[in-house]
Each structure stands twice: as C-alpha cells, then as structure tokens.
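I opened my notebook to record what I looked up in this structure. The entries follow in the order I made them.

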Amino acid sequence: MRSDATGPSALSRSSGSGTPSTAGQRPRIGVSSCLLGEPVRYNGGHCRNRFLTDVLGRHVEWVAICPEAEIGLGTPRETLRLERTDAPSGAQPRVRATKSGTDHTDAIRNVADAHLAVLRTLDGYVLKNKSPSCGLFGLPVFEEGKRVDGKGRGGFAARLLDLCPELPAEEEGRLTDADLCEHFVERVFAHARLRALLESAWRPRDLIDFHARHKLQLLSHSPQGARSLGRIVTEAGTGERSDIAADYTAAFHSVLATPTSPGKHVNALQHAFGMVSGYLDDSRRHDILAAIDDYRAGHVPLTLPLSLIRHHCNAERVAWASQQTYLAPFPTDLGLRNQLPRK
C-alpha cells in the first residue's frame, strides 16, 4: 500500500474488517515504526508489539513514522537523550546525541510539522515509550551529564501534541494496563466515527443522529459533558456549520478524554436497562439488574451486563437502544472490557 506519509521510515498498513458498530470508519492510527517490527531502533532492532500488530491491527490502518530515521540517522546509531539547557523556564529539553552532543531537537520536531496534513487525518497515535523522540511520559532529563528530572517528553511527541492537542495519544508500554488500553481504543474508534461524519456532506439531522447514538457512551464519561454536547446539537439547524462542527468536536473529544469509572458505568447501564425494560418480563429484567449489581460489587466484568442488554435489545428489536455505541464502542474480538472493575 502506498504510504500517506513521506520519508524513508513512513508506511501505511491496513488489515481486517470492521464490526457493526465500526464498519465504514476504520481508524487511522499513527505509530512509532519500531512497534510494527521495522528495524529502525538505535541498535538496528525493533520493538514489535503483538497487541498492535496481531490484534488491533486487524481493525485499523497504521501510519508509521520513525522521526530519527526520517532525519537521516542510520542504524545502528548513537543514542540520544533529553538535556536541559539554560533556555527560558518551561522550555522543552533538547534532544542531543549522548557522545557527540549533536543537537537534533529542531529536526525531530520538524518531522511532525512535515507530516501535519497526515496527522490531521489520524484518529490516534501510539508512541514508543522511553524514547527521547517519541516518549510521552517520564523520560529522564540530564544537565551536565547528571540526571536532574524524570518528567521529560520526547521531542517528536511534544510537537505532535502541540499540533494536534485533541488527538488520542498513548505510549505502547501503558497499553499493558487494561483500563488505559480500553480508554485509548474507545477514544480512537469514536474519533474515527466523528471524523467520518464531518468529512461527509452532513446535515444537522445527521449530527443529531450521531449524538443520539453516542448518548450513553458520553454519559459513561461525563454526565455534565453529555448535557453540554446536547445543547450544542440543539443549535445544529440554526448556527454556522463550521462553528457547530468545531464546537461539537472539541467538546466531544473532551468528554471522551475524561476517564470513566465503575459508578459512571452503572449509571449508563441503568439508562440502557430503562430503554429495554418495558419489553421484558420480570425474569429477564431481574437477570439484567442482577448483572448490573454484580458488576457494581466487582464480581463480574462490564461485558456481562452489556451482553445481556445488547442481546435483549436485539431480540426485542429495540432499534434506538441497540444502536447505542456504548454497547459496542469497538470490535469485541479486541478482548477489552473483560477485567473486573477496580475499586
């Protein structure tokens, strides 16, 4: 496949197929090339991440970039690190070669600028942790050869978030945490659905329908934020399309960036139960309520009450409820939402 990003390390990959809740909105995710198995590490190796390549990769299109390879650093190459200088307070540390002292900061940051058109089409980004160019969190910072800080951010990663502050971004090392992984993947697929809508010749009623399908998902992150989005949608038929789109996009991503919790999930589950309850007999209503209570108590994962609600919505043809993205925000074979809730 032809790459959408230019340069020696950039490539684009696509595989797999969507699910009913995601079909037609295949997310495009930026990724550090080494995580897909490209031999671009400083030692000539790679850090292939099997969740990304073998699991998530079935449902997304990758756009891979290695900033260090992009600026012409070969493999193997001199290692880099973040160094503090006498720059004004608050300035980002510099990215320097450990032996020669060569400063690569501007060149690495410029890689993000060079790919800006591509970055604006992405739905998320997975970055290599502990990398002076790509690391997002907790990188060591040095001054005169001594470590003085442990809160650095890689040069490319910092510029990426400057240019695309609403883009869901995560380090691959943190994706081993089930809750962080679920949150990132949920945001990515929601980002793709909104992008697909706004890239179409959408009408106000399309935005209203989109918001209605995401009502419970938004509620599970921030009830107050969901209400604020509702107020934006009510103006869809009277305001300027560009202004409505911009306001809705910013608020939508802000709400989904807010972490959910077992309590918020219980609230959303109870709303979902209310949509189908009137179609069920006492026995089936009891089964759902018992599953919600078991989830609240930490005895079962979220997938159990969700599966019951989704099953009964489909069986009773409760169309509006069965179309809620909350019931299937991403492909089920990703194996997410299977952990017990944290207390």
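**Entry: the sheet**

I began with strand 4 and strand 7 of this predicted model. The two run parallel, and two bridges join them. In this pairing, Leu82 stands opposite Val141 of strand 7.

Next I looked up the other pairings. Strand 4 also pairs with strand 5, this time in the antiparallel sense, over four bridges. There I found Leu80 opposite Ala97 of strand 5. Strand 7 pairs with strand 8, again antiparallel, and again over four bridges. Leu139 has Gly152 in strand 8 as its bridge partner.

In what order do the four strands lie in the sheet? I read the order as 5-4-7-8. The sheet is open and the pairing is mixed. Strand 5 and strand 8 (146-152) are the edge strands, and each pairs on one side only. From one strand to the next, the twist averages 50°.

**Entry: the two faces of strand 5**

I noted a rule before looking. In a regular strand, side chains alternate between the two faces of the sheet. Then I checked strand 5. Val95 and Ala97 point to one face and are buried. Arg94 and Arg96 point to the other face and are not buried.

I stayed with Arg96, which sits in strand 5. Arg81 is 15 residues away along the chain, yet the C-alpha atoms of Arg96 and Arg81 are separated by 5.7 Å. Leaving aside neighbours within four places in sequence, I listed the contacts of Arg96; among them are Thr79, Leu80, Arg81 and Glu83. The list also includes Gly101, Thr102 and Asp103.

**Entry: the hairpin turn**

I went back to strand 7 and strand 8, which form a hairpin with two residues between them. Glu144 lies in the loop that links these strands. Its phi is near 55°, a positive value in a residue other than glycine. Is Glu144 buried or exposed? I looked up its relative accessibility, which is 80%, so Glu144 counts as exposed.

I found another positive phi at Arg337, about 65°, and Arg337 is not a glycine either. Arg337 belongs to the segment after helix 14 (319-322). Arg337 is buried, because its relative accessible area is 4% and the cut-off for buried is under 20%.

**Entry: a cis peptide**

Which residues does a cis peptide bond join? I found Thr75 and Pro76, with omega about -10°. Pro76 lies in the loop between helix 2 and strand 4.

**Entry: the nonpolar cores**

How many residues are in the largest nonpolar core? I read 24. Leu119, Leu122, Tyr125, Leu127, Phe156, Leu160 and Leu167 have the most contacts inside this core. I then looked up which elements give two or more residues to this core. Among them are strand 4 (80-83), strand 5 (94-97), strand 7 (139-143), helix 3 (105-114) and helix 5 (155-163).

I picked Leu119 to follow. Beyond neighbours within four places in sequence, Leu119 is in contact with Ala112, Tyr125, Leu160 and Cys164. A second, separate core has 23 residues, including Leu56, Ala69, Val185 and Leu334.

Helix 5 deserved its own line. The buried residues of helix 5 are Gly155, Phe156, Ala157, Ala158 and Leu160. These buried residues pack against helix 2 (67-70), strand 5, helix 3, helix 4 and strand 6.

**Entry: helix 6 against helix 7**

I looked up how helix 6 (residues 178-198) packs with helix 7 (residues 204-213). The angle is about 170°, and the axes are 11 Å apart. That angle makes helix 6 roughly antiparallel to helix 7, because angles over 145 degrees count as such.

Which residues make the contact? Helix 6 gives Arg193, Leu194 and Leu197, while helix 7 gives Asp206, Leu207 and Phe210. I sorted the residues of this contact: four are nonpolar, none is polar and two are charged.

**Entry: Phe273**

My last look-up was Phe273, in helix 11 (residues 262-276). Phe273 has a relative accessible area of 12%, so Phe273 is buried. Leaving aside neighbours within four places in sequence, Phe273 is in contact with Arg285, Ile288, Leu289, Ile292 and Ile309. I also checked Arg310, which is 37 residues from Phe273 in sequence. In space, Phe273 and Arg310 are 9.7 Å apart, C-alpha to C-alpha.

Methods:
Residues are numbered from 1 along each chain as its sequence is written. This is a predicted model: local features need pLDDT of at least 70, side-chain atom pairs count only at pLDDT 80 or more; totals for chains, interfaces and linings use all residues. Side-chain values use heavy atoms; hydrogens and water are left out. A nonpolar core is a set of buried Ala, Val, Leu, Ile, Met, Phe, Trp, Tyr and Cys residues joined through side-chain atoms within 4.5 Å. Buried means under 20% relative accessible area, exposed over 50%, partly exposed in between (1.4 Å probe, protein chains only). Contact means heavy atoms within 4.5 Å. Two strands pair if DSSP finds at least two bridges between them. Axes are lines fitted to C-alpha atoms, for helices over the stretch in contact, and angles run from 0 to 180 degrees between N-to-C directions. Angles under 35 degrees count as roughly parallel, over 145 as roughly antiparallel, 65 to 115 as roughly perpendicular and the rest as oblique. Ala, Val, Leu, Ile, Met, Phe, Trp, Tyr, Cys and Pro count as nonpolar, Asp, Glu, Lys and Arg as charged, and the others, Gly among them, as polar.
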